[in-house]
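Please open the structure in your viewer and keep the selection panel at hand, since this tour moves from one selection to the next and says what is found at each stop.

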Amino acid sequence: MEPLRPVRRTLLRDRAYASIRDAIVTGRIEPGAVVRDADLAERLGLSRAPVREAFSRLVDEGLLESKPQSYTRVTPVVAADVRDAAAVVGAMHELATRVAVPRLTGADVLAMRAANERFATAVSVGDVDGALAADDALHDVLVRVAANRAAAATITRHTPLVRRLERQRFGEGGSCRSAGLHEQLIDACAAGDVDDAVRVTAEIWRSLAELADDD
């Protein structure tokens with residue numbers, strides 16, 4: 001496995017969680033890999049306690065599986081789990097979109113357009129990290145403006161399961177039609193058309209759920 005970046009000694013539990021989660025989602029820690037708290041604590045420059053807490057959270061979120069006194073390992077990418085996660089995340093994005101659209105400012109719409117330009121550029125050159133960061137930035141505008149903490153927390157919790165499959169498909173040379181859907185979403189947001197914005201949001205997340213059907 002590749003080295004992980006050491007963690008500053010602030011909010012250790014959350015930072016350990018984020019570091020390990022991101023390593024799993026990006027594939028730096030591969031599906032099926034056995035992980036040990038002592039090893040990761042050393043690599044992250046932490047004690048074992050925050051790493052153990054991160055393990056517990058990641059087991060709860062479906063990225064790790066554990067058998068007491070035996071092993072903790074990264075879960076495989078399971079199509080049914082991805083479909084379930086995409087359905088939940090999509091529903092939360094639809095809720096955020098419905099609430100946010102009437103509140104959007106011109107600056108918010110410009111931020112979404114800029115994010116989609118970055119997304120399209122990244123996809124065109126095969127930059128998966130850039131594409132997913134831009135995708136997050138675009139949708140995060142709506143989540144931020146909606147200001148629904150429960151929806152935002154649910155999105156944060158379940159999106160990594162979907163992202164793992166997205167990365168896998170991207171690496172296999174899969175196509176991406178989200179940029180066009182993003183344009184439709186942004187146009188609906190700019191026009192203040194709540195129903196159309198929600199419709200396009202639902203289509204975006206259906207297309208992601210369909211990635212699992214290709215397994």
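Helices here are DSSP runs of H or I with at least four residues, numbered from the N terminus. The model is a predicted one, and the tour begins with helix α1, residues 12–26, where you can select R21.

Is R21 buried or exposed? R21 counts as buried because its relative accessibility is 17%, and the cut-off for buried is under 20%. If you display its surroundings and set aside the neighbours within four places in sequence, the residues in contact with R21 are L58, L63 and P160.

Next, select helix α4, residues 79–100, together with helix α6, residues 128–146, and look at how they pack: the angle is about 65°, and the axes lie 8 Å apart. The crossing of this pair, α4 and α6, is left-handed. To see the contact itself, show the side chains of H93, A96, T97, V99 and A100 in α4, which meet H139, L142, V143, V145 and A146 in α6. Sorted by class, this contact of α4 with α6 comprises 7 nonpolar and 3 polar residues, with no charged ones.

For the last stop, move to helix α8, residues 178–191, and select A190, which is partly exposed at a relative accessible area of 48%. Add L104 to the selection: its C-alpha atom is separated from that of A190 by 8.1 Å, although the two residues are 86 residues apart along the chain. With neighbours within four places in sequence again left aside, A190 is in contact with V109 and R113.

Conventions. Residues numbered from 1 in each chain as written. Predicted model: local features only at pLDDT ≥ 70, side-chain atom pairs only at ≥ 80, totals over all residues. Heavy atoms only, no water. Axes fitted to C-alpha atoms, helices over the stretch in contact; angles between N-to-C directions. Helix = DSSP H or I, 4+ residues; strand = E, 2+ residues; numbered from the N terminus. Left-handed = near helix turned anticlockwise from the far one by under 90°. Contact = heavy atoms within 4.5 Å. Nonpolar A, V, L, I, M, F, W, Y, C, P; charged D, E, K, R; others polar. Buried < 20%, exposed > 50% of the residue type's maximum accessible area, 1.4 Å probe, protein only.
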